[in-house]
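Hi,

Here is the structure I promised to pass on. Have a look at it first, and then read my notes below.

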Amino acid sequence: MTKRTLLQFFHWYAPGEGKLWHEVSERATDLKQLGITDVWLPPAYKGASGADSVGYDVYDIFDLGEFEQKGSRSTKYGDRNAFAAACKTLQENRIRPIHDVVFNHRMGADEIEEVVVRRVNPEDRTQIDIEEFTACAHTRFTFPGRDGAHSKFIWDKQCFSGVDVIEDPDETGVFKLVNEYGEGQWNEEVDDELGNFDYLMGADVEFRNNAVYEELKYWGRWLSEQVPVGGFRLDAAKHIPAWFFKDWVGHMRDTIGSDLFVVAEYWHPDMETLTSYLNLVDNQLMLFDVALHHRFHDASKQGGDFDMRTIFDGSLVSSMPEHAVTLVDNHDTQPLQSLEATVELWFKPLAYALILLREQGTPCVFYPDLYGASYSDTDADGNEQTVDMPPIDCLPKLIEARQKFAHGGQTDLFDDPSVVGFVRHGTADMPGCVVMMTNADVGHKTVALGPDHADSVFIDFLGHHQSHVQTDEHGVGDFPVAGGSVSVWVRNVAT
Ligand code: CA
């Protein structure tokens with residue numbers, strides 16, 4: 001049984017010109033051999049910025065690179081045929097395609113319509129002006145390039161809860177659309193940052209409109225008839241009422257398959273918030289472990305001053321491991337992006353060992369860490385910056401080690417501020433390993449592995465440490481680790 005291991009197969013600056021879907025197809029066999037079981041793909045539908053869109057400025061969820069819209073038929077990643085081929089190739093390699101679902105907002109409306117709005121305090125969205133007034137807003141989506149193919153649904157002002165731009169009068173801000181739903185209030189069961197975080201950007205979708213709700217369910221069923229669907233990654237979940245995803249995910253599991261893997265991006269480090277969200281969605285989802293990502297970031301910045309015994313403190317994987325998708329970085333945290341909190345290069349092997357080799361959590365590997373990435377963009381001060389993200393040399397080995405050696409019970413060795421580690425004891429069929437790491441100078445730990453490992457030789461599967469470890473007649477060995485490094489000690493016979 002292959003242990004579930006996700007790969008986020010894109011980053012913010014992934015190359016355009018339709019290269020990505022082909023690359024997925026080309027790499028699928030290698031990914032399978034490496035031990036990747038699930039591939040998270042970027043949004044496959046047309047964004048408002050057409051062939052330049054990363055996919056989160058969603059325009060038309062029924063245009064998978066099939067229609068001449070927003071200046072291009074293909075999306076940034078390729079056309080519909082290449083997308084379908086990529087998903088099929090993954091499936092043939094027994095890798096589940098995980099589709100990115102961006103439901104919160106729409107951008108790039110086809111027409112302006114007259115709307116009634118109320119001004120909202122952007123810092124406290126519960127403060128909605130009593131005064132209503134008429135303006136024009138970009139809220140009508142007719143998709144003329146698609147011309148009713150796949151769905152005849154027209155989105156209009158009844159399908160949205162708010163906007164950030166109005167015309168006549170020309171203003172920007174946050175505006176509550178006065179529609180038939182919710183008596184002028186925002187959707188409930190959303191994050192309470194800024195009072196009520198329903199509104200994020202663009203034309204914010206009105207989930208209380210039953211026609212919208214049915215259309216989004218129809219889209220999920222339709223997608224599963226176009227391409228293999230192994231699961232979903234739900235974008236911007238904290239801006240979408242929890243009841244909606246509770247229903248929608250249940251519907252998808254009923255109609256597509258009960259084993260769908262679903263992870264929501266509820267980007268919040270606080271466990272109380274995540275617990276209450278999980279309760280609202282009937283615990284049907286996984287969530288990204290934002291808190292652990294922050295711990296990795298902090299540890300990588302503080303170097304030897306960080307107390308490694310606390311690396312899992314406050315994390316989702318420590319409190320609700322069965323719901324935790326653990327990650328080191330993603331397309332939002334990479335350098336020059338909105339949530340930039342990149343984990344420093346030296347620490348990434350340690351962080352990946354901590355998500356890939358332990359019993360708890362479902363790890364998600366980030367594309368640049370496996371394959372590298374170089375790009376340039378402007379920083380927060382408007383200066384052009386060039387970024388080079390080299391591949392993490394030992395990452396393929398760590399993914400391989402997850403499948404080969406991360407088996408059986410676990411004993412933690414978190415008894416020193418710098419040198420920490422853990423033992424995976426193996427099972428009757430599969431070997432275990434001794435993982436040692438330090439954020440300071442060279443270190444070692446004496447570990448009693450028991451009589452099954454008496455008089456045995458261990459080597460570092462990662463090759464970071466050249467020596468051999470010899471256990472004594474009781475199975476006790478002294479396992480070293482190089483400074484600022486990680487070693488995965490495995491029985492010589494097991495390799
Ligand atoms: Ca919303």
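Let's start with His138, which sits in strand 9 (residues 133-140); strands here are DSSP runs of E with at least two residues, helices are runs of H or I with at least four, and both are numbered from the N terminus. Bear in mind that this is a predicted model, where local features need pLDDT of at least 70 and side-chain atom pairs count only at pLDDT 80 or more, while totals for chains, interfaces and linings use all residues. Residues are numbered from 1 along each chain as its sequence is written, and side-chain values use heavy atoms, with hydrogens and water left out.

Is His138 buried or exposed? Neither, quite: His138 is partly exposed, at a relative accessible area of 34% (buried is under 20%, exposed over 50%, partly exposed in between, with a 1.4 Å probe and protein chains only). Leaving aside residues up to four places away in sequence, His138 touches Ala109, Glu111, Ile112, Glu167 and Ala203 (contact means heavy atoms within 4.5 Å). Its C-alpha atom is 7.7 Å from that of Ile166, 28 residues away along the chain.

Next, the metal. The calcium ion is held at 2.1 to 3.2 Å by Asn104 (OD1), Asp198 (O and OD), Asp204 (OD, twice) and His239 (O). Donors are N, O and S atoms within 2.8 Å of the metal, or 3.2 Å for Na, K and Ca; water is not among the atoms, so sites may look incomplete. Along the chain, the donor spacing reads N-x93-D-x5-D-x34-H. Asp204 belongs to strand 12 (residues 203-205) and His239 to the loop between strand 13 (231-234) and helix 4 (242-255), so this pair ties together parts that are 35 residues apart in sequence. Asp204 and His239 are both buried.

Now the barrel: 8 strands close up in the order 1-2-5-13-14-15-16-17, with parallel pairing (two strands pair if DSSP finds at least two bridges between them). Strand 1 (residues 6-8) and strand 2 (residues 38-40), for instance, run parallel over 3 bridges, and Leu7 has Val39 as its bridge partner in strand 2.

Helix 8 (residues 348-356) is mostly covered, with 9 of its 9 residues buried.

Finally, the domains: domain 1 is 6-103 + 210-401, domain 2 is 106-205 and domain 3 is 408-491, with bounds from an automatic or database domain assignment. The centres of domain 1 and domain 3, taken over C-alpha atoms, are 32 Å apart, and 22 residues of domain 1 contact 23 residues of domain 3.

Cheers
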